[in-house]
Amino acid sequence: MTVPSYPVYKGLQRPLSYRGFKGKFIAYAIGSLVAGLVTGGLLGAMANMFIGAAVMIAVIAGGLYATLSLQKKGLHSKRRYRGIFIHPSRLKIPIHVSNKKEQF
């Protein structure tokens, strides 16, 4: 007797990816784009259009570079401490005061 096989979509457990960014780093990249546009627009309106454009490009490039460097550490990056850690025991052992047997 053969077991019937069904096609299984195996992409359900994978993180969302878009243009090289995965999972939560998509939001970081979008945030750096928005931050660059807002700061460049405000600075361009207040000071100079060329200064605003330069700052916008710098903020976007810096944000995307920071996002890519964070992504290299992994989607679920954790702190990795090196060394030996000794955790104190918090158990309290009851101490018997007397060794006499109680009489009833």
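**Two aspects of helix H1**

In this predicted model, the residues Ile30, Val34, Val38, Leu42 and Met46 together make a nonpolar patch of about 500 Å² on the surface. One of these residues, Val34, belongs to helix H1, which covers residues 24-46. Val34 has a relative accessibility of 46% and therefore counts as partly exposed, since this class lies between buried, which is under 20%, and exposed, which is over 50%.

The helix itself is made up of 23 residues, and the distance from its first C-alpha to its last is 33 Å, which is close to the 33 Å expected at 1.5 Å a residue. Within H1, the residues Phe25, Ile26, Ala29, Ser32, Gly36 and Gly40 are buried. The buried residues of the helix pack against three other elements, namely strand E1 (17-18), strand E2 (21-22) and helix H2 (49-72).

Ser32, which also lies in helix H1, may be considered in greater detail. Its relative accessibility is 10%, and Ser32 therefore counts as buried, because the cut-off for that class is under 20%. When residues up to four places away in sequence are not counted, Ser32 touches Val59, Ile60, Gly63 and Leu64. In addition, a polar atom of the Ser32 side chain lies 2.8 Å from the backbone oxygen of Ala29, and Ala29 is likewise listed among the buried residues of H1.

Notes
Residues are numbered from 1 along each chain as its sequence is written. This is a predicted model: local features need pLDDT of at least 70, side-chain atom pairs count only at pLDDT 80 or more; totals for chains, interfaces and linings use all residues. Side-chain values use heavy atoms; hydrogens and water are left out. Patches are made of residues with over 30% relative accessible area and no salt bridge: like charges are joined within 9 Å, nonpolar side chains (Val, Leu, Ile, Met, Phe, Trp, Tyr) within 5 Å. Accessible areas come from the Shrake-Rupley method with a 1.4 Å probe; for residues, only the protein chains shown count as cover. A salt bridge is a side-chain nitrogen of Lys or Arg within 4 Å of a carboxyl oxygen of Asp or Glu. Helices (H or I, at least four residues) and strands (E, at least two) are DSSP runs, numbered from the N terminus. Buried means under 20% relative accessible area, exposed over 50%, partly exposed in between (1.4 Å probe, protein chains only). A polar contact is a pair of N or O atoms within 3.5 Å; within protein, one must be able to donate a hydrogen and the other to accept it, and residues adjacent in sequence count only if both atoms are side-chain atoms. Contact means heavy atoms within 4.5 Å. The expected span of a helix is 1.5 Å times one less than its number of residues.
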